[in-house]
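Q: Could you take a close look at how the interior of this model is put together, and then follow the charged pairs and the backbone details around it? I would like one connected account that I can read beside the structure.

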Amino acid sequence: MSSPTARARKLRWNLRLVSATAVSAALIIPLTACSTEATNAAKSDTPIEIWTRSGDTQAKTYQKILAAFTADTGIKVTYKPVADFDTQLVTRATQKNLPDLFINDAGSLGQYVALGYLKQIDRTTIKGNDQLSDANWQENLGTDGKIYGVPFSRQAAVMTIRKDWREKLNLPIPKTWDDVTAMATAFATKDPDGDGKANTYGMVVPGTAQSGYIARWGSPYLWQAGGDIVKQTGGKYTSVFGAPETKRAMEWIRTQFCTPGNVVPGSINLNTTDALGFSDGKAGMYLTGAYQLTVFDKAVGKENVEVVPMPHGPKNNTTFAEGENVYFASTSKNPSGQKALAEYLITEKAQKIGMDSPAAGGPGPFTSVVRLPVNTRVDAGAVYADPRWGIVADAYRNQPHAYPWNINFIPLRQIVADNMNAMMADCNSDIPALIAKTDTALKAEIARQGI
Amino acid sequence: MTLTDASTPAIAGAAKLRHSWRGAKPWVPWVFLAIPLLFALVFKFIPLIEGIRMSFSKVQPLLGDQFTGFDNFARVLTDSRFHEAFLHTVILAVCQTITAVALGLILALLFEGASRKLQIARTVIFLPVVTAIAVIGEVWRLILQPTDSGLLNTILHWVGISTQQMLSDENSALFWVGLVGVWAAAPYNMLILLAGLVGIDRTLYEAAAVDGAGRWRRLYYIALPGLRASLSVILTLAAIRSLRVFAEVFILTGGGPAGSTEVWMTRIYSIGFDANDLGLASAAALLLLLATMILTVLARWLTNRKGAQL
């Protein structure tokens, strides 16, 4: 017989044991639940999981499209906007459980194919595929000549200018590189905001090498000079960065960095999140994606933001054309769901909702995720009812240039970014030597990839 | 003494209780250990082993990893960008550690004492330690604005120094990154050294003063030997922390300009997540682990040896 104290002690102990077991169970059960998630996805009533690379405001527009999809088809969708997209996608890849569909840069196609992330797509089985241009479909070919993505949105980088500043200083719309230089200097030195302080600058440049930002920003100038990074001949890639045109472009860009005030101070370390000069009212020019227009309109007033046709370089006025695709995850156990949602995303209806313009109705926030529609039946100018988007559409039509999408271009872009950043960081940098160094590094990487 | 008197029966009781538990159910401790062990397994040991495996592979989860032997390590060791990153990391580690420890010691000596004013001053100085490194990075990026109206530049103008490019100048960027690191690390060192100073018997100072020892002699012969244990801890921690420096560099400069502030961890990050080469990144991370371990052992050996001599 145990004494009353011993019994009380035992009871206390038993309670502790029970609670400890309960806590362990509570922790372990969700862990096991996670691993069974993938098997459940096979059932047809399981929602389609879709990821996009977006911030909060863009996510709202995606939610509108997806809500319309569920209303029209009855198929449920789990949506996750992801800011650090590729980092999180790698994590899901290591679990061999990618989201069924994901929308991301068209330029990532080659890398995703190389990593085995994507399922091949048969264009003819996609309903409404004829409403997309052949050119857009061609941009989804892998190196094996097969299609790996469905085009979703296209856009071009455009030159955005503070109209009120330009008019105050009586400057014409810049037509050449020299005009751009002159305007940048004028914005920096002639007090365009009229506050009597020297606190304005010419242009915004995301100049860090991190994630290749400076290469993305500077590529249109390289192309406008007649240069390029790589060239494909007979199915093989070679570096053409060593050509004389490159030097001209790099010198022009360095002139901007080394003329006080032409670029926002500190630009050499800025990424796009930190390069706020235009929306802060500190800088008057920004070569950037047209999707930023809504942000600029809100920050400095729509009437003060103008989009001008890309100024001409020595050769032409090429601009950076980019876009987003819908990718089908190779790990997905829901192929019919993937197809159904992708088909919906390219319909006239979904594309118009995605453009989220005030003219298309709806309460806003007016943040487009479909910048230029891929569906040829949608007229961007009419939907946006904004002539600036007409200029964007022209730029995309006339002189577009994209990075090669079918290879893993990111390491190549990084090599260019690292060296461009070095050229601009020092006003006495040895540009020819750095170009030669870049060329050698590009050739080595191309050889390593065997492309 | 009351403390000991009161606690004795409690200790005895606890021992008895423990004995009865052990006797009754030998698996009981394991139930309690299960949760922390599970966490350590899932979040520490499995990732570590996985990282070692990945460093010997070409990692492509969906196509199947390929074993590549020591290829990744060879690539890290022959990559000129990693060489530069290594150099910057070592410069930063050595300079930052020495400066932060020296500054921590000066602060500790200045702010030792029980006065309320000192407590307030200590709290103010300690604030950087409890502030998120991301916030510190953003704040310093504002302070170090390379414009005429930048905060630090404005102050420099008062003393007749012209506008500095600071983080935008490839020749000075590493210095400024290091300065921010020292600013954040010195107060932590101060705290540990303060604890060390409190542990030194004050009568030793008095005795030395009576014997005619001046301020510097007391510092050298009493305070410093008394702080040996604290200094050993700080040096070890600072060395490890400096080698793993990431957040402040990533936020302040992203490794630029012209790669002048690229450190080992930022290089690992961009290889792993920008270039998606997880095998190469794991190999570099494993090398960092080895370097950290060697450095830790070395730091402890040095301080112990120094202690034996004193």
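A: What follows starts with the domains and the core between them, and then moves outwards to a helix, the salt bridges, a surface patch and some backbone details.

The model is a predicted one, and what is said here should be read with that in mind. Chain A is divided into domain 1, made of 48-154 + 322-401, and domain 2, made of 156-321 + 406-449. The C-alpha centres of these two domains lie 27 Å apart, and the contact between them takes 22 residues from domain 1 and 27 residues from domain 2 of chain A.

The largest nonpolar core has 57 residues, and those with the most contacts inside it are I50(A), I65(A), F152(A), V326(A), F328(A), L341(A) and L345(A). Helix α2 of chain A, residues 56-73, supplies the largest share of this core, namely six residues. Because domain 1 and domain 2 of chain A both give residues to this core, it lies between them. In soluble globular proteins, nonpolar side chains tend to be buried together. For a view from one residue, take L341(A): leaving aside its neighbours within four places in sequence, L341(A) is in contact with I48(A), I50(A), L66(A), F69(A), V77(A) and L101(A). There is also a second, separate core of 55 residues, which includes M159(A), M310(A), F320(A) and A422(A).

Helix α8 of chain A, which spans residues 213-224, is mostly covered, with 10 of its 12 residues buried. Among the buried residues of α8(A) are W217(A), Y221(A), L222(A) and W223(A), together with I214(A) and P220(A). The loop between β5 (201-204) and α8 of chain A holds S211(A), whose phi is near 55°, a positive value in a residue other than glycine. S211(A) has a relative accessible area of 22% and is therefore partly exposed. On the other side, α8(A) is followed by G226(A), where phi is again positive, near 100°.

The charged pairs come next. Side chains of opposite charge can pair when their charged atoms come close, and a search of the whole structure finds 26 salt bridges over all chains. One of them joins E251(A) to K247(A), with the closest N and O atoms 3.3 Å apart. These two residues are separated by about one helical turn, because they are four residues apart in helix α9 of chain A, residues 244-258. E251(A) counts as partly exposed at 32% relative accessibility, and K247(A) is likewise partly exposed, with a relative accessible area of 35%. The pair formed by R388(A) and D386(A), in contrast, has both partners buried, and its closest N and O atoms are 3.0 Å apart.

In chain B, E262(B) forms a salt bridge with R81(B), the closest N and O atoms being 2.5 Å apart. This pair links distant parts of the chain, since E262(B) is in the loop between α12 (247-252) and α13 (264-274) and R81(B) is in helix α4 (residues 80-110), 181 residues apart. Both partners fall under the 20% cut-off for buried residues: E262(B) counts as buried at 7% relative accessibility, and R81(B) counts as buried at 19%. Salt bridges also connect D274(A), E138(B) and R141(B) in a network.

The loop between α12 and α13 of chain B also contains P257(B), and the peptide bond from G256(B) to P257(B) is cis, with omega near -15°.

On the surface, F39(B), L41(B), V42(B), F43(B), F45(B), I46(B) and I49(B) form a nonpolar patch with about 680 Å² of accessible area together. Of these, F45(B) has its place in helix α2 of chain B, residues 28-55, and counts as partly exposed at 45% relative accessibility.

One backbone detail of chain A remains. N170(A) lies in the loop between α6 (163-168) and α7 (177-189) of chain A, and its phi is near 55°, a positive value in a residue other than glycine. At 70% relative accessibility, N170(A) counts as exposed.

Key:
Residues are numbered from 1 along each chain as its sequence is written. Chains are lettered from A and ligands numbered from 1 in the order in which they are written. This is a predicted model: local features need pLDDT of at least 70, side-chain atom pairs count only at pLDDT 80 or more; totals for chains, interfaces and linings use all residues. Side-chain values use heavy atoms; hydrogens and water are left out. Buried means under 20% relative accessible area, exposed over 50%, partly exposed in between (1.4 Å probe, protein chains only). Patches are made of residues with over 30% relative accessible area and no salt bridge: like charges are joined within 9 Å, nonpolar side chains (Val, Leu, Ile, Met, Phe, Trp, Tyr) within 5 Å. Accessible areas come from the Shrake-Rupley method with a 1.4 Å probe; for residues, only the protein chains shown count as cover. A salt bridge is a side-chain nitrogen of Lys or Arg within 4 Å of a carboxyl oxygen of Asp or Glu. A nonpolar core is a set of buried Ala, Val, Leu, Ile, Met, Phe, Trp, Tyr and Cys residues joined through side-chain atoms within 4.5 Å. Domain bounds come from an automatic or database domain assignment. Contact means heavy atoms within 4.5 Å.
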